[in-house]
Amino acid sequence: MKKRIQLMLMLAAAASIIAGCSTTAQQASSGTGTESSTTSSVSEPAQDEESAAESSSAPEASSSEDTSEPEESASAPQETSEEASSEAGETAVSEEAPAQEGEYTDNFSVSQEDAAAFAARIQEAVSQKDLEGLADLAAYPLYIGFEDGGVNIESMDDLTAYDAETIFTPELLESVANADTSALNPSMAGFALSQGNGAPNIIFGVRDGSLAISGINY
């Protein structure tokens, strides 16, 4: 009987120990769950803050990219304008005249066309008996070989001081009017505007880089 009572007491004590262990395990499990939920609740706001930071920085990157693209496109017309300007400059250089009055080095550097054009200006002044026009085409000192002797004219005023009939003699008018301006040949002295055969002539050539009358011979 005593053994049975002792056995029952031992079983009751064992049951009490088992019940206590079960309660402790439940409390530990409950505590772990609370910590886990607390941790998750703390980490979620942090993740939300990171997401908010990333979303706020994304528009800034997009705006910087959008800003840079118009600048690149705006620079393209400038490059095109510079290229067009450069091509226009090259075209202008290629179309320049080979030689202009004031750029001659000597009588042999004058083209046939330029010599003929200047000779036509002399013919016009002579035909009109325009002494001032003729004086404007001359370089000084200007030699004039009159039939009774030669003189050196030092200035335009000295030439225009002469009577027009003295300079524009009938023989000079005829010789200059009949001169072939398309057959003028350069020499060291210049170009001789005359009908030939010893007739009166007007000599012109390069003086200081330009064409000018250098002599009149009767």
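**Entry 1: Tyr-218 and its partner**

I started at Tyr-218, which counts as partly exposed because its relative accessibility is 23%. The cut-off for buried is under 20%. Phe-146 comes in at 17%, so Phe-146 counts as buried. I kept in mind that this is a predicted model.

I then counted ring pairs and found four aromatic pairs in the structure. Phe-146 and Tyr-218 make one of them. Their centres are 5.5 Å apart, with 5° between the planes, and the pair is stacked. I looked up where each ring sits. Phe-146 belongs to strand 1, residues 138-146. Tyr-218 lies in the segment after strand 5. The two are 72 residues apart, and the pair links distant parts of the chain.

**Entry 2: Phe-191 and Phe-204**

Next I took the rings of Phe-191 and Phe-204. Their centres are 5.2 Å apart and their planes stand at 20°, so I logged this pair as stacked too. Planes under 30 degrees apart count as stacked. Phe-191 is in strand 3 and Phe-204 is in strand 4. They are 13 residues apart, and this pair also links distant parts of the chain. I checked exposure: both Phe-191 and Phe-204 are buried. I also noted a cluster, in which Phe-118 joins Phe-191 and Phe-204.

**Entry 3: Helix 6**

Which residues of helix 6 are buried? I found Leu-172, Ser-175 and Val-176 in the run 170-177. They cover an arc of only 95° around the axis, which means they sit on the same side of helix 6. The general rule for an α-helix is 3.6 residues a turn, so residues three or four places apart point the same way. I turned to the other side of helix 6 and found Pro-170 and Ala-177 exposed.

What covers the buried residues of helix 6? I listed two helices, helix 2 (112-127) and helix 5 (164-167), among the covering elements. Strand 3 (191-193), strand 4 (201-207) and strand 5 (210-217) are also included. Strands 3 and 4 had already come up in Entry 2, with Phe-191 and Phe-204.

**Entry 4: Confidence**

I closed with pLDDT. The mean for the protein chain is 74. Residues at 70 or more make up 53% of the chain. I marked residues 28-77, where pLDDT stays under 50. For that stretch the model has zero contacts beyond four places in sequence. Residues 84-99 also stay under 50. Here I found two contacts beyond four places in sequence.

Conventions:
Residues are numbered from 1 along each chain as its sequence is written. This is a predicted model: local features need pLDDT of at least 70, side-chain atom pairs count only at pLDDT 80 or more; totals for chains, interfaces and linings use all residues. Side-chain values use heavy atoms; hydrogens and water are left out. Buried means under 20% relative accessible area, exposed over 50%, partly exposed in between (1.4 Å probe, protein chains only). Helices (H or I, at least four residues) and strands (E, at least two) are DSSP runs, numbered from the N terminus. The arc is that of the directions from the helix axis to the C-beta atoms. Contact means heavy atoms within 4.5 Å. pLDDT is the predictor's confidence in each residue, from 0 to 100. Rings of Phe, Tyr and Trp (its six-membered ring) pair if their centres lie within 6.5 Å; planes under 30 degrees apart count as stacked, over 60 as edge-to-face and the rest as tilted.
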